[in-house]
Amino acid sequence: MSEELLRTLAALAAILAPLSLVSIGGANTILPEVHRQVVGVRGWMSDAEFADLFALARAAPGPNVLLYSIVGWKVAGVLGALVATLALSGPSSVLAFASLRAWRRFYDAPWRRPVQAGIAPVAVGLMFASAYTLVGAADASPAAYVVTAVVAALTLWTRAHPLVLLLGAAALTLTGWL
Amino acid sequence: MSLGGLFLGFFEIALSSSGGALAPAYRILVDKRGWVTAREFSEILALSQVLPGPNIVNVAIYVGGRYHGAAGAAAAFAGLLLAPLLVIVPLMVLYAQSGENELVRGSFRGVAAAAAGLMVATSIKVALPYRHSLRAVLLASLAFAAVGLLHWPLLAVVLVLAPCGMLAAWRGWL
């Protein structure tokens, strides 16, 4: 293994592992920070490439958290995907496992409700930051903004399946509408 | 169930979770396999939301760990996150090879715009229950502005805002 690859893998793990422990409310909340690091600070990919990877992660089978595995793959191949997966989900999983024995006690603990109620609005704000980051990265033309808005509206007000919407947008582009 | 069963159960959840993992998780864990009851599922989910980490990964750790300890947690983790890589990596390779193809690039522009729309809708959905609480809206707005608009490091923002939120909730202000 070359020294450069090792250094890249170490940098990837150093970005993702600490985020694992603050990814409250799920993996989507840390998206702006990962975007800031891999596009802005490290310059590993462009804004548009990041948006492409997110689109792939949404369309491909697997939980959304695999976006970060895909980012790892883009940065350092198969090893990058493995390192990113373990760095992002490993530390939080160890914490979850450690709390397993106490989980019933946690559930009834008097502090659980205020902790959950206090974290939730912060997580909501971070979700909006993720959406804002993605719209900025994905939408380069007025037509793209229209697609984003229509998909959001269909998701909110109909029971349209996400995969159908993603494929519909792909078909729209292929027929030259976008 | 066996370790292999856990691995396969969570692999099945992973493969059916384009566009959100929790709905297929409920269907497979509660309805289809009966590994946890509906009440246990909501308890596990509530706790997953308090602890850091992707919710579905924490659910896998709880269910795997409850039945088979550390080995069970590892089997569920591998089924959920590592097995799908076998499906996704070939897709990535195709994507990389088609990088110069104008048609493929174009269709990605559409899918990326649509994926951003899914995220916008998800944000609005999770925000709706808080729309009547001015303080919750303020807290969410601060988090959005700090991370989304000002690009401040997430770690610092969470470490400041989360305790503020917890204190506010504890004092009954939220």
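Visitor: Which residues does B:Ala116 touch, not counting residues up to four places away in sequence?

Guide: In this predicted model, B:Ala116 touches A:Ala131, A:Leu134, A:Val135, A:Ala138, A:Asp139 and A:Thr148, once residues up to four places away in sequence are set aside. B:Ala116 itself is found in helix 5 of chain B.

Visitor: Is B:Ala116 buried or exposed?

Guide: The general idea is to count the C-beta atoms around a residue, and 20 or more within 10 Å make it buried. B:Ala116 has 31 other C-beta atoms within 10 Å, and it is therefore buried.

Visitor: How many residues of each chain are in contact across the pair?

Guide: In chain A, 87 residues are in contact with 83 residues of chain B. On the side of chain A that touches chain B, eight elements give two or more residues each: helix 1 (3-20), helix 2 (31-41), helix 3 (47-59), helix 4 (66-98), helix 5 (103-108), helix 6 (112-138), helix 7 (142-157) and helix 8 (162-174). Helix 6 of chain A gives the most, with 22 residues. By residue class, this side of chain A holds 61 nonpolar, 20 polar and six charged residues.

Visitor: What is the secondary structure of chain A?

Guide: Chain A has eight helices and zero strands. Read from the N terminus, its elements run α-α-α-α-α-α-α-α. Its C-alpha atoms fill a box of roughly 55 × 50 × 25 Å along the principal axes. Buried residues make up 54% of the 178 residues in the chain. Of the contacts in chain A between residues at least 6 apart in sequence, 59% join residues at least 24 apart.

Visitor: How should one read the crossing of two helices, and at what angle do the axes of helix 3 of chain A and helix 5 of chain B cross?

Guide: One compares the directions of the two axes, and angles of 65 to 115 degrees count as roughly perpendicular. The axes of helix 3 of chain A and helix 5 (residues 102-127) of chain B come within 8 Å and cross at roughly 70°. The two helices are therefore roughly perpendicular to each other.

Visitor: Which residues meet where helix 3 of chain A and helix 5 of chain B are in contact?

Guide: From helix 3 of chain A come A:Ala51, A:Asp52, A:Phe54, A:Ala55, A:Arg58 and A:Ala59, and they meet B:Phe108, B:Val111, B:Ala112, B:Ala115 and B:Leu118 of helix 5 of chain B. These divide into nine nonpolar, no polar and two charged residues.

Visitor: Which residues touch the most other members of the largest nonpolar core?

Guide: In soluble globular proteins, nonpolar side chains tend to be buried together. Here the largest nonpolar core has 121 residues, and B:Ala115 and B:Ala143 touch the most other members. Helix 4 (residues 55-97) of chain B supplies the largest share of this core, 18 residues. Apart from neighbours within four places in sequence, B:Ala115 is in contact with A:Phe54, A:Ala55, A:Arg58, A:Ala138 and A:Leu166.

Visitor: Is A:Ala98 buried or exposed?

Guide: A count of 12 or fewer C-beta atoms within 10 Å marks a residue as exposed. A:Ala98, which is found in helix 4 of chain A, has 12 other C-beta atoms within 10 Å and is therefore exposed. A:Ala98 and A:Gly77 are 21 residues apart in sequence and 31 Å apart in space, C-alpha to C-alpha.

Visitor: Where is B:Leu22, and with which residues is it in contact beyond its neighbours within four places in sequence?

Guide: B:Leu22 lies in helix 2 (residues 22-32) of chain B. With 17 other C-beta atoms within 10 Å, B:Leu22 is partly exposed. Its contacts, leaving aside those neighbours, are B:Asn55 and B:Ile56.

Visitor: What is phi of B:His151 near?

Guide: Phi of B:His151 is near 60°, a positive value in a residue other than glycine. B:His151 is found in the loop between helix 6 (134-149) and helix 7 (154-170) of chain B, and it is partly exposed, with 15 other C-beta atoms within 10 Å.

Visitor: Which element of chain A has the lowest mean pLDDT?

Guide: Where pLDDT is low, the predicted coordinates should not be read in detail. Among the elements of chain A, helix 5 has the lowest mean pLDDT (72) and helix 1 the highest (95). The mean pLDDT is 89 for chain A and 88 for chain B. The model scores ipTM 0.82 and pTM 0.84.

How values were computed. Residues are numbered from 1 along each chain as its sequence is written. Chains are lettered from A and ligands numbered from 1 in the order in which they are written. This is a predicted model: local features need pLDDT of at least 70, side-chain atom pairs count only at pLDDT 80 or more; totals for chains, interfaces and linings use all residues. Two residues are in contact if their C-beta atoms, placed from the backbone, lie within 7 Å. Ala, Val, Leu, Ile, Met, Phe, Trp, Tyr, Cys and Pro count as nonpolar, Asp, Glu, Lys and Arg as charged, and the others, Gly among them, as polar. A nonpolar core is a set of buried Ala, Val, Leu, Ile, Met, Phe, Trp, Tyr and Cys residues joined through C-beta atoms within 7 Å. pLDDT is the predictor's confidence in each residue, from 0 to 100. Axes are lines fitted to C-alpha atoms, for helices over the stretch in contact, and angles run from 0 to 180 degrees between N-to-C directions. Angles under 35 degrees count as roughly parallel, over 145 as roughly antiparallel, 65 to 115 as roughly perpendicular and the rest as oblique.
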